[in-house]
Amino acid sequence: MSRSRSRFYEYLFLIVYLAAVAILLGLATRSDDEDDRFVAAKQECAERDEYVTVLDDGAGLSVQTLGNETDGTTLETAHCVLAALEAPESVVVRLDQTRALDGMQTAEWDGITASWTYHPDAGLGLVLAAAQ
């Protein structure tokens, strides 16, 4: 193999290596930004509310509302969290219309997965997480 051909492959390897590192760094940064959304929503809507809990080092959020037999946060706080996470109105309406008989409900938007249940005695149990 000639010296110039060898040098070409060295440069090619270096370019591919640097591109891979840049892509991986970009993915890591994007993931951190997404995780910050849950922490920011907690701070904006329920900074001192024990019924709104950041999960998995910022990768998710749990919201438990007041029920007839359980303590919890207000429905307004849950709505604030959803607004902070830019949930579509269709998701908020589905959440508001959930009945105990409906069981576990789910929705997904902008890299966020939401799952929730509702019972008058237990309130609304909402879990928000970064979509896999």
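This report describes the sheet, the helices packed on it and a few selected residues in a predicted model.

## Sheet layout

Five strands form an open sheet in the order β1-β2-β5-β4-β3, and the pairing is antiparallel. The edge positions are taken by β1 (52-55) and β3 (105-109). Each of these two strands has a single partner, so one side of each is left without a neighbour in the sheet. On average, neighbouring strands are turned by 15 degrees against each other, direction ignored.

## Strand pairs and hairpins

Strand β2 (residues 60-64) runs antiparallel to β5 (residues 123-130), and five bridges join the two. In this pair, Val 63 stands opposite Leu 126 of β5. On its other side in the strand order, β5 is followed by β4. The pairing of β4 with β5 is antiparallel and extends over eight bridges. His 119 is placed opposite Gly 123 in β5, and the hairpin that joins β4 to β5 passes through three residues.

Strands β3 and β4 are also antiparallel, with five bridges between them. Glu 108 has Thr 113, in β4, as its bridge partner. These two strands form a hairpin with two residues between them. Asp 110 lies in that turn and has a positive phi of about 40 degrees.

## Helices on the sheet

Helix α2 (residues 75-84) packs on the sheet and touches β1, β2, β3 and β5. The direction of α2 makes about 15 degrees with that of β5.

Helix α3 (residues 89-96) lies across β3, β4 (112-119) and β5. Relative to β3, helix α3 runs at about 170 degrees.

## Asp 49, between α1 and β1

Asp 49 belongs to the loop between α1 (3-46) and β1. Is this residue, Asp 49, buried or exposed? Asp 49 is buried, yet it has no salt bridge. The nearest side chain of opposite charge is that of Lys 42, 5.9 Å away. A salt bridge requires a nitrogen-to-oxygen distance within 4 Å, so the separation of 5.9 Å from Lys 42 does not qualify.

The side chain of Asp 49 does reach a backbone atom: the nitrogen of Tyr 51, at 2.8 Å. Apart from neighbours within four places in sequence, the contacts of Asp 49 are with Lys 42, Thr 73 and Thr 77.

## Thr 106, on an edge strand

Thr 106 is part of strand β3, which stands at an edge of the sheet. Its relative accessibility is 47%, so Thr 106 counts as partly exposed.

Which residues does Thr 106 touch, not counting those up to four places away in sequence? They are Arg 94, Ala 114, Ser 115 and Trp 116. Thr 106 and Arg 94 are 12 residues apart in sequence, and their C-alpha atoms are 9.5 Å apart.

## The salt bridge

Side chains of opposite charge can pair when their charged atoms come close. How many salt bridges does the structure hold? It holds one. The side chains of Arg 99 and Asp 102 meet in a salt bridge, with an N to O distance of 2.8 Å. Asp 102 has a relative accessible area of 28%, so this residue is partly exposed. Asp 49, by comparison, is buried and has no salt bridge.

Definitions and conventions
Residues numbered from 1 in each chain as written. Predicted model: local features only at pLDDT ≥ 70, side-chain atom pairs only at ≥ 80, totals over all residues. Heavy atoms only, no water. Pairing = 2+ DSSP bridges. Helix = DSSP H or I, 4+ residues; strand = E, 2+ residues; numbered from the N terminus. Axes fitted to C-alpha atoms, helices over the stretch in contact; angles between N-to-C directions. Contact = heavy atoms within 4.5 Å. Buried < 20%, exposed > 50% of the residue type's maximum accessible area, 1.4 Å probe, protein only. Lys, Arg positive; Asp, Glu negative; His and termini not counted. Polar contact = N/O pair within 3.5 Å; in protein donor to acceptor, adjacent residues only side chain to side chain.
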